[in-house]
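Trainee: I have the model open. Can we go through the labels and check what each one rests on?
Mentor: Bring the labels, and we will test each against its cut-off.

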Amino acid sequence: MVWRRRLMTAEGSDHASTGAATRSPATAPSSSQVGEARAVASAAPHFPIRTDWTVDEVRNVYHQPLGNLVLQAALAHRAYFPPEQVQRCTLLSIKTGGCPETCTYCSQSSAYKTGVRAEPLLPLETVLEQARRARDRGSTRFCMGAAWRGVSQVGPRQFQRVLEMVQQVRALGMEVCATLGLLTAEQARALKAAGLTAYNHNLDTSRAFYPQIVSTRTYDDRLETLRVVRDAGIHVCCGGILGLGESPDDRIALLHTLATLQQHPESVPVNALVPNRGTPLEHQQPVPVWELCRTIATARVLMPASMVRLSAGRVSLRPAEQMLCFVAGANSIFTGDKLLTTPNNDRDTDEVMFAAFGLQGKPPFAMGDAARTHAAASHGAEVATSG
Ligand code: SF4
């Protein structure tokens, strides 16, 4: 593992030059020692973009002592992104409820009695009003979710209305993401032509555990939609949900699948289940924050140039717990009253947190492409030096 070797080299040179390995922890470092430590930090170890991770390598990353893992993730984060930048995104449900799919965590599935009623597609003006409001409050990415099995389920007229929404939200200067279920290649190309930045389609969990979570579509259906999205030139947003009853090996398998796609998803949402009343998972125990943090950090190490999004479940985290996730490499949050149908963090509390932690919002389109360029350059350099 090249990144690990380099990290160890960086740590070794720090110790050798400062004598830190033999110094009493109570001894304050001299100014030259601090300078050298800063130099090591600024010459951040090189984290190449790799899509050839083995399951054992992912397992080794995931199961490290948490402090070591968070440190590595923090360094990987700094190699590709300004670590103080955290993107604010807003997610709006443009078509709520009545979904024919059976996702056992979802309040919008018509298979369960959750109290969420089926509603029609929102009017364009309502969506634009919400998008403008989100933009004015600092969001630079606007995500629109429809509770559909897929676009083919609803036909061309409704899809045309969604394309119009994409076009007009994009014209507001925001990144635009959509999550509309399964897509054909033709539908993906139409979304690209309308200006869609990214398409969200989560794998949710491991291939082995997936049939226990969804019975109406397969893992391969999901992967096929990811493929047509990628082929259309749209950024891929794909992650998972913790707390579904999966094992650590399921999390490792999910991360392995994501990190060995032909190209990493540009965006990796990490969700913690918010149990919904009436769903089969309503009594699931909450995911401990250190498990959420461990998953975020592993995602950051495996896919260092991707946006890692601290998504659903943030509402139950204290600010210090959120900070742990940011240190571990999360660089995006969702703002707004709701995440589709689940509650989300209060805006004022988020603003206080940003100010207290010295966080800054990420401008639209600013870092994704730069990180990608950096990643490509780094990858080239790695190939050159190792070849
Ligand atoms: S997660 Fe999406 S596809 Fe699954 S039931 Fe909910 S709205 Fe439908």
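Trainee: What makes Ser267 a contact of Arg309?
Mentor: This is a predicted model, so we judge by C-beta atoms placed from the backbone. Two residues are in contact if those atoms lie within 7 Å. Leaving aside neighbours within four places in sequence, Arg309 has Ser267, Val268, Pro269, Val270, Ala330 and Ser332 as contacts. Arg309 itself lies in strand S8.

Trainee: Why is Arg309 called buried?
Mentor: Buried takes 20 or more other C-beta atoms within 10 Å. Arg309 has 27, so it is buried.

Trainee: And Cys143, why does that count as buried?
Mentor: Same cut-off of 20. Cys143 has 31 C-beta neighbours inside 10 Å, so it counts as buried. Cys143 sits in strand S2, residues 141-146. Beyond four places in sequence, its contacts are Cys89, Thr90, Leu91, Cys177, Thr179 and Asn200.

Trainee: Which residues does the UniProt "binding site" annotation cover?
Mentor: The unreviewed UniProt entry lists Cys143, Cys177, Cys237 and Arg309.

Trainee: How do you know that they cluster in space?
Mentor: They are spread over 167 residues of sequence, yet the largest C-alpha distance is 13.4 Å.

Trainee: What makes the shell around the ligand 4 nonpolar, 3 polar and 1 charged?
Mentor: The residues are Cys99, Glu101, Cys103, Cys106, Gln108, Ser109, Ala147 and Gly181. Cys and Ala count as nonpolar, Glu as charged, and Gly among the polar, so the shell splits that way.

How values were computed: Residues are numbered from 1 along each chain as its sequence is written. This is a predicted model: local features need pLDDT of at least 70, side-chain atom pairs count only at pLDDT 80 or more; totals for chains, interfaces and linings use all residues. A residue is near a molecule or strand if its C-beta atom, placed from the backbone, lies within 6 Å of it. UniProt positions are given in the numbering used here, feature names are shortened, and annotations may be inferred rather than shown by experiment. Helices (H or I, at least four residues) and strands (E, at least two) are DSSP runs, numbered from the N terminus. A residue is buried if 20 or more other C-beta atoms lie within 10 Å of its own, exposed if 12 or fewer, and partly exposed in between; C-beta atoms are placed from the backbone.
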